[in-house]
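Reader: I would like to go through the labels used for this model. Take them one by one, please.

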Amino acid sequence: MMKKKLAVISTACLLILASDPVSSYATPDSSSDVLDQPTSVTNEDVKAIFDSLYQEGYSLGEEDGYAEKKFEQFDQTTGLDKSSEEFTWFMMGYTVGYKKGQQQKEEELKTEQENEMAAGEEEGYQQGVLDYKHATIQSEIDPFPSKSSDWNKGYVQGYKKAISLMDLSVKAKKEGYDQGLENDSMSVPSMYDDEDVTRQAFTEGFETAQAEVLNQQKKQFEKQGYVQGYHDLSLEVPAEAEGELQTAFEQGYEKGQKQKQKDVKADGYDSAFTYQTYRAPKSLQDKPELEKWYKAGFYSNKDVKSLKQKAYKDGWKLGKEMSVPKKYKQNKAAVAMYKKYFEQGQKKQDKTVSHILLGSGIVLTLIALITLWRLRRRKNEDTTLDS
């Protein structure tokens with residue numbers, strides 16, 4: 001009798017597992033007589049028994065399905081305490097649980113494979129970027145023995161993707177640069193817009209070109225402002241100069257004014273070598289601000305007196321050649337003043353020598369010799385000054 005019931009259970013298990021568990025899943029109604037329940041048993045009681053048996057089978061099936069081993073949780077006594085109806089309900093739960101366990105296992109394996117591939121792809125991508133930048137691209141990628149096949153597969157994909165994207169990003173940056181030279185607004189082509197790397201490369205190229213264009217414009221407006229400021233014109237910013245361009249123009253204007261003030265002051269300093277007393281140039285008579293700087297330059301020259309005295313003394317000394325101090329050699333006004341007073345010193349020297357030698361009989365001879373010597377020296381001095 002026991003062997004016969006076991007045979008029936010095994011057959012029922014196979015039939016249920018081969019069938020659609022969803023369509024077989026149905027809550028028993030009150031007409032079921034498998035339980036041989038007394039008439040006092042309600043539908044709710046039958047449903048509770050069904051749910052209990054179904055859940056019991058589901059739990060066992062889910063474990064076996066996850067382990068992919070049918071009937072692993074069964075033993076020789078499984079089902080012996082149940083009627084055929086009860087066992088059917090039990091096997092319904094087992095079948096659904098088994099498939100659920102299988103599905104869970106498959107999903108976990110799939111997730112693990114995806115994670116492995118993603119990890120390998122990320123590392124491969126990073127290595128590909130580095131190799132590209134260092135010009136050490138690998139044509140053949142050796143597998144990593146310590147990593148899974150899925151990880152190695154992802155690594156190769158990531159590496160190749162990096163090389164491809166870096167190639168494309170070089171092209172994107174060049175096109176972005178060209179667009180930036182021609183247009184003020186950026187429009188990223190669709191072929192570069194799908195990836196962050198290429199989109200960023202295109203943007204960098206565009207922004208680099210825009211910065212160069214802006215820098216060139218700033219230089220131009222600064223130069224215009226400088227000219228305007230140097231000629232002491234009133235500040236008039238061009239209408240097209242806005243934002244940074246306006247700032248550049250104004251900075252150029254300020255630099256021009258400062259340079260003009262510096263040059264005017266230098267002119268005033270030089271004029272002190274020429275004129276004994278201050279006199280304002282006609283060109284500055286209606287420009288009080290510049291005339292103030294010219295005057296300041298004139299009175300800042302404290303070298304006139306000392307240079308004048310030195311030139312005169314040098315000219316008075318017998319045999320002394322004219323030698324403008326190095327500090328003043330590049331200043332034409334100072335050189336001219338030195339020469340003037342040097343010659344005055346020489347004239348004074350001539351008179352002094354003449355008086356001393358008047359009483360002797362060699363006056364004419366000495367004068368002739370001195371005159372000849374001086375003419376030669378002046379010729380040499382003029383040659384030196386011209387050089």
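Author: Start with Glu-254, which is partly exposed at a relative accessible area of 43%. This is a predicted model, where local features need pLDDT of at least 70, side-chain atom pairs count only at pLDDT 80 or more, and totals for chains, interfaces and linings use all residues. Residues are numbered from 1 along each chain as its sequence is written, and side-chain values use heavy atoms, with hydrogens and water left out.

Reader: Why is Glu-254 called partly exposed?

Author: Buried means under 20% relative accessible area, exposed over 50%, and partly exposed in between (1.4 Å probe, protein chains only). Glu-254 has 43%, so partly exposed is the label.

Reader: What makes Lys-258 exposed?

Author: Its relative accessible area is 51%. The cut-off is over 50%, so Lys-258 counts as exposed.

Reader: Why are Glu-254 and Lys-258 said to meet in a salt bridge?

Author: The term needs a side-chain nitrogen of Lys or Arg within 4 Å of a carboxyl oxygen of Asp or Glu. Here N to O is 3.4 Å, so the pair qualifies. Both residues lie in helix α8, four residues apart, about one turn of the helix.

Reader: Which residues are joined into one network by salt bridges that share partners?

Author: Glu-56, Asp-81 and Lys-82. Lys-82 meets Asp-81 at 3.2 Å, N to O. Lys-82 also meets Glu-56, at 4.0 Å. That pair ties together parts 26 residues apart in sequence, because Lys-82 lies in the loop between α3 (43-67) and α4 (84-133) and Glu-56 in helix α3.

Reader: Is Lys-82 buried or exposed?

Author: Buried: its relative accessible area is 9%, and the cut-off is under 20%. Glu-56 is partly exposed at 37%. Asp-81 is exposed at 61%.

Reader: How many salt bridges does the rule give?

Author: The count comes to twelve.

Reader: Why is α4 called oblique to α5?

Author: The axes of α4 and helix α5 (residues 149-182) cross at roughly 40° and come within 6 Å. Angles under 35 degrees count as roughly parallel, over 145 as roughly antiparallel, 65 to 115 as roughly perpendicular and the rest as oblique. Roughly 40° falls in the rest, so α4 is oblique to α5.

How values were computed: Helix = DSSP H or I, 4+ residues; strand = E, 2+ residues; numbered from the N terminus. Axes fitted to C-alpha atoms, helices over the stretch in contact; angles between N-to-C directions.
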